[in-house]
Amino acid sequence: MQSLLKPNAYIVSQGPTEETVFDFWRLVWQENVSCIVMLTKTFDFTKVMCVQYWPASKDKDECYGELPEYQIYIGVMKEEELANFHIRTFRLYKMHNNVRIASRYLFLTIIFSSLSLSSATGNYR
């Protein structure tokens, strides 16, 4: 997506499925993404909203991809839980490549302060 200041400033994507997690990380690597914004939780009570596409533990990096030349390793460096969002900082690397850092912001509440729900949906149509 375009922004006012920079062409191709944003990539908009759904949360990955089990089959597309590697594609998601490949896109993050390919486009040198440093910020991921997530607007949905992985679970909403009993419904799966998005698969967990990052390592479950900070203690062990996970490898995504089958062929060694395409594999991307992801590690969780830091996790912060704030009132309205969580920040998770990832370490991304490939064999024989530099380490890259990407932060993921999970918004727990989305507030539309200047629009009511009816006017927001009316403008969206």
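Helices (H or I, at least four residues) and strands (E, at least two) are DSSP runs, and they are numbered from the N terminus. The structure shown in these views is a predicted model, in which local features need pLDDT of at least 70, side-chain atom pairs count only at pLDDT 80 or more, and totals for chains, interfaces and linings use all residues. Residues are numbered from 1 along each chain as its sequence is written, and side-chain values use heavy atoms, with hydrogens and water left out.

**View 1. The protein chain as a whole contains 2 helices and 7 strands.** Read from the N terminus, the elements follow one another as α-β-β-β-β-β-β-β-α. The chain has 125 residues, and 26% of them count as buried, where buried means under 20% relative accessible area, exposed means over 50%, and partly exposed lies in between (1.4 Å probe, protein chains only). The accessible surface comes to about 9,500 Å², and carbon and sulfur atoms hold 54% of that surface; accessible areas come from the Shrake-Rupley method with a 1.4 Å probe, and for residues only the protein chains shown count as cover. A contact means heavy atoms within 4.5 Å, and among the contacts with a separation of 6 or more, 36% are made by residues 24 or more positions apart.

**View 2. An open sheet is built from 5 strands in the order β1-β7-β6-β5-β4.** Two strands are taken to pair if DSSP finds at least two bridges between them, and the pairing in this sheet is mixed. The strands β1 (35–38) and β4 (62–64) stand at the edges with a single partner strand each, so one side of each is left without a neighbour in the sheet. From one strand to the next the twist averages 30°, a value that rests on axes, which are lines fitted to C-alpha atoms (for helices over the stretch in contact), with angles running from 0 to 180 degrees between N-to-C directions.

**View 3. Strands β6 and β7 form a hairpin with 6 residues between them.** Strand β6 (residues 85–93) and strand β7 (residues 100–107) run antiparallel and are joined by 8 bridges. Within this pair, R91 stands opposite I101 of β7, while I87 stands opposite Y105 of β7. H96, which lies in the loop between β6 and β7, has a positive phi of about 65° although it is not a glycine. The same H96 is exposed, with a relative accessible area of 83%.

**View 4. On its other side, β7 pairs with β1 in the parallel sense over 4 bridges.** The bridge partner of V37 in β7 is Y105. Strand β1 has a covered face, made of I36 and M38, and an uncovered face, made of C35 and V37. N32, found in the loop between α1 and β1, has a positive phi of about 55° although it is not a glycine.

**View 5. S103 has its place in strand β7.** This residue is buried, with a relative accessible area of 15%. Residues up to four places away in sequence aside, S103 touches S34, C35 and I36, and also I87, R88 and T89.

**View 6. The largest nonpolar core has 20 residues.** A nonpolar core is a set of buried Ala, Val, Leu, Ile, Met, Phe, Trp, Tyr and Cys residues joined through side-chain atoms within 4.5 Å. The members that touch the most other members are W25, V28, I36, Y53, I74, F90 and L92. At least two residues of this core come from each of α1 (21–30), β1, β5 (72–81), β6 and β7, and the largest share, 5 residues, is supplied by α1. Around I74, once neighbours within four places in sequence are left aside, the contacts are with W25, P55, D61, E62, Y64, F90, R91 and L92.

**View 7. The cysteines C50 and C63 are set in a structure with 0 disulfides.** A disulfide is a pair of cysteine sulfur atoms within 2.5 Å. C50 is buried, with a relative accessible area of 5%, whereas C63, at 35% relative accessibility, counts as partly exposed.
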